[in-house]
Amino acid sequence: MPLQSPESSVDVLIIGAGPAGLMCANALAVAGGIEVKIIDQRPSKISVGHADGLHPRTIEVLQSYGLAERMLREGSRMYMCSFYNPSHTGGIEFTTRVPDVTVAAARFPFKIGLHQGAIEDAFLDSMAQHNLKVDRPVKPLAIELSQDQEQLRSLSSYPIKVTLAHLDGATDVEKLEVVHAKYVVGADGAHSWVRKAFGITMDGDQTNYVWGVVDMVPDTDFPDIRHRAAIHSTNGSLMIIPRENEKVRLYVQLSGEDFVDPGTGRVSKSKSSPEKILEVARKTLHPFHISPLSDVEWWTIYMIGQRVASKFSVEDRVFIAGDACHTHSPKAGQGMNASMNDTHNLAWKITQVLKGWANPSILRTYESERRKYAQDLIDFDKRYAALFSGKPRTSADQDGISHEEFFKAYKTASGFTSGMGIHYGPSVIVNAKHQCFAENLVVGQRMIPQIFVRATDARPVEIQDLLPADTRFKILIFLGSANEESRMTEINALANELSSPTIFLQRCSMDGQPSAPMFDLITIVAGKKENFNYLNIPPVFRPHWSKVLLDDTDVTGKVGGDGYKRFGISTESVTFVIVRPDGYVGMVAPVAALQDVQEYFASFLLPRH
């Protein structure tokens, strides 16, 4: 009798262990109680090259998983961006230097230069603590998705069958494995096998912009080598990204005809070398010189493609993420950042469905939110890449791109390139009906940072640090002032209402415990640390002593305070702010609209018993 290939069942199979795949795997592993398998066909993780930067919103996201401190410690911070343009004498000259992040609500007002391998290591170490590792070298051979609608609707079924090949298997039996999965996430790169297996097209264009990339420790007299630098010269454009351990990355605009294979129309690495790329970089940087102090660590060339997948999911069972569903130029540094934020958006939704907390319809919001973002990203990238790759204006060429034109686009795009301007549109989990009750907390955008002080010990706390990516919705209850008797009457009445067995806190929680596992309730009072007694507010508003905050300064008077004013929330009444598990504001509502909050959760959460 022939030996059978081993078979197994998992909740989620992730194909691809790059940034998108690892973000997804780590999020699911941290959530707990989910069977996850992640595979990658590379025999080992990457150690050099590839993506190289983290933007402010991505740092916030990593912070929500407890991973940001490592990046902050290991990476190079980019606080400023320098601009150089053609000089009258031929060569380039300094034009201006500005903050690299200009969004006022930035918790981390800088970007981080750090190679992709170090970022992946942080995920791998976190996953190891939850007994999850990447299976490698393993590649998918076949995938079948059941067409049985009953199977697709059933949360107990495993409607996806994937045949895997273990590339290091010694025998036929060891080489093949069959995995049955409830969900599959294809995070397998720009040439995604998963995307092709389901006939999903990539819509968009290939540009004729060719760029070379070199990672090295430089020997140079260029004064802005440790700033991010955007350089336009008559020889082409160049971008400098300072990196960890004194390294820099150079993005060098190349002449297409010199590096493209005329037969295929694609860039040919055989036509290039790090020496050729550096030769172009030296001409662009003139009169400054640059050369590697030692060997070039990594290099590549590429042609910019700007494409978005026609769809991001199949039957809400198979999803694609990262480069598998959008490709664009690296100039705005969105590749790895966008990829990780794709699966940050997806993982909590899969978790809530698998745990029986949420209706599977919530999974549709992954495509509606992230595909819209990807389309916006491509539209932006087309404009930005054209400006960056275009000829600069000079006294001899008045038709070129002026510094003012490029600089205006740079400043306008800051909210987008920092990741902090992402705005998810109306859906079952985004309801802006009562936006006016917190004018500056934009529903559909991320919860902005603000320091409050804990009522119990006056310790200053950043509100974002109380919003970990733990798959729970955070219910922020802004009680307003709690001094007058009339206000306490209103607060006590609300406490009684929130204790009702028909209210969402009780209906959608286990054993009537509102803070676990589906909600985390945080109360914020407009009060002073010197005289506020947190025991004066009803128990429902203080599920734990650490969950009552005051809108006051810390003991030094230097941080905190004015949170209500900053958010645009009244201190004269109660306001609810619902923050999704991914840190985005899902809804704001006044106390009079408690029924709307009830209906918001009832539209996608399943009642518990």
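These exercises work through strands, helices and cores of a predicted model.

**Exercise 1. The open sheet**

Give the strand order of the open sheet of 7 strands, name its edge strands, and find the helix that packs on it.

Solution.
- Step 1. Read the order. It is 23-22-26-25-24-27-28, and the pairing is mixed.
- Step 2. Find the edges. Strand 23 (460-462) and strand 28 (585-590) each pair on one side only.
- Step 3. Check the twist. Neighbouring strands of this sheet are turned by 30° against each other on average, direction ignored.
- Step 4. Look for the helix. Helix 14 (residues 485-498) packs on the sheet and touches strand 24 (473-480) and strand 27. The direction of helix 14 makes about 155° with that of strand 24.
- Step 5. Inspect one edge pairing. Strand 27 (residues 575-579) and strand 28 run antiparallel, joined by 5 bridges. Threonine 575 has proline 590 in strand 28 as its bridge partner.

**Exercise 2. Two sides of a helix**

Decide which residues of helix 9 are buried and which are exposed on the other side.

Solution.
- Step 1. Size the helix. Helix 9 (residues 274-285) has 12 residues. From first C-alpha to last, helix 9 reaches 16 Å, close to the 16 Å expected at 1.5 Å a residue.
- Step 2. List the buried positions. They are Pro274, Ile277, Leu278, Val280, Ala281, Thr284 and Leu285.
- Step 3. Place them around the axis. These residues lie on the same side of helix 9 because they cover an arc of only 160°.
- Step 4. Recall the geometry. An α-helix has 3.6 residues a turn, so residues three or four places apart point the same way.
- Step 5. Turn to the other side. Glu275 and Lys283 are exposed there.

**Exercise 3. A covered strand and its partners**

Show how strand 15 is covered on both faces, and identify the strands that pair with it.

Solution.
- Step 1. Count burial. In strand 15 (residues 236-242), 7 of its 7 residues are buried.
- Step 2. Split the faces. Gly236, Leu238, Ile240 and Pro242 are buried on one side. Ser237, Met239 and Ile241 are buried on the other.
- Step 3. Take the partner before it in number. Strand 14 (residues 228-233) pairs with strand 15 in the antiparallel sense over 5 bridges. A hairpin of 2 linking residues joins them. Alanine 230 stands opposite methionine 239.
- Step 4. Take strand 16 (residues 248-254). Its pairing with strand 15 is antiparallel, over 5 bridges. Leucine 238 has valine 252 as its bridge partner.
- Step 5. Examine the turn. The hairpin of strand 15 and strand 16 has 5 residues between them. In that turn, asparagine 245 has a positive phi of about 55°.

**Exercise 4. Cores**

Find which residues touch the most other members of the largest nonpolar core, then locate another core.

Solution.
- Step 1. Pick out the residues. Among 160 members, Met447, Leu498, Phe541, Val577 and Phe601 touch the most others.
- Step 2. Follow one. Beyond neighbours within four places in sequence, phenylalanine 541 contacts Ile477, Leu479, Ile491, Leu494, Ala495, Leu498, Leu521, Thr523 and Val548.
- Step 3. Look elsewhere. Another core, of 27 residues, lies apart from the largest one. Its members include Met216, Ile225, Val252 and Leu285.

**Exercise 5. One threonine**

Is threonine 327 buried or exposed, and what does it touch?

Solution.
- Step 1. Locate threonine 327. It lies in strand 21 (residues 326-327).
- Step 2. Apply the cut-off. Buried means under 20% relative accessible area. Threonine 327 is at 16%, so it counts as buried.
- Step 3. List its contacts, leaving aside neighbours within four places in sequence. They are Ala190, Met202, Gly305, Gln306, Arg307 and Ile378.

Terms used: Residues numbered from 1 in each chain as written. Predicted model: local features only at pLDDT ≥ 70, side-chain atom pairs only at ≥ 80, totals over all residues. Heavy atoms only, no water. Pairing = 2+ DSSP bridges. Helix = DSSP H or I, 4+ residues; strand = E, 2+ residues; numbered from the N terminus. Axes fitted to C-alpha atoms, helices over the stretch in contact; angles between N-to-C directions. Contact = heavy atoms within 4.5 Å. Expected span 1.5 Å × (residues − 1). Buried < 20%, exposed > 50% of the residue type's maximum accessible area, 1.4 Å probe, protein only. Arc of directions from axis to C-beta. Core = buried A, V, L, I, M, F, W, Y, C linked by side-chain atoms within 4.5 Å.
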